[in-house]
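Student: Could we take a close look at one part of this model? I would like to understand which charged side chains pair and how exposed they are.

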Amino acid sequence: MREERIINIEIKVTHLEDQIDEMNKTIYRQQQQIDRLINAASSMAKRLDALSENNDQTSPADERPPHY
């Protein structure tokens with residue numbers, strides 16, 4: 001009876017270890033995706049800043065419509 005109980009506990013521990021490994025892999029992949037998204041957002045922000053600096057400081061609201 002005692003040996004059977006120990007075997008069941010060992011089986012559960014093995015199963016839990018497998019689940020932890022899978023969760024760690026998932027978290028690692030998610031962190032890689034987050035890092036890529038952060039880099040992409042940063043790159044887009046830099047491009048937007050560069051475009052706004054290169055703009056001649058007029059906003060579309062200040063421009064006359066083409067039908068005038």
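Tutor: What follows is a walk from the whole chain to a single pair of side chains.

The model is a predicted one, and the protein holds 1 helix and 0 strands. Of its 68 residues, 0% count as buried, while the accessible surface of the protein comes to about 6900 Å², with 56% of that surface belonging to carbon and sulfur atoms.

Side chains of opposite charge can pair when their charged atoms come close. In this protein the count comes to 1 salt bridge, and the side chains that meet in it are those of Glu22 and Lys25, at 3.7 Å from N to O. That distance counts because the cut-off is within 4 Å, taken from a side-chain nitrogen of Lys or Arg to a carboxyl oxygen of Asp or Glu. Both Glu22 and Lys25 lie in helix H1, which covers residues 2-54, and they sit 3 residues apart, about one turn of the helix.

As for exposure, Glu22 has a relative accessible area of 45% and is therefore partly exposed, and Lys25, at 46%, is likewise partly exposed, since that class lies between the buried limit of under 20% and the exposed limit of over 50%.

Note on methods: Residues are numbered from 1 along each chain as its sequence is written. This is a predicted model: local features need pLDDT of at least 70, side-chain atom pairs count only at pLDDT 80 or more; totals for chains, interfaces and linings use all residues. Side-chain values use heavy atoms; hydrogens and water are left out. Helices (H or I, at least four residues) and strands (E, at least two) are DSSP runs, numbered from the N terminus. Buried means under 20% relative accessible area, exposed over 50%, partly exposed in between (1.4 Å probe, protein chains only). Accessible areas come from the Shrake-Rupley method with a 1.4 Å probe; for residues, only the protein chains shown count as cover.
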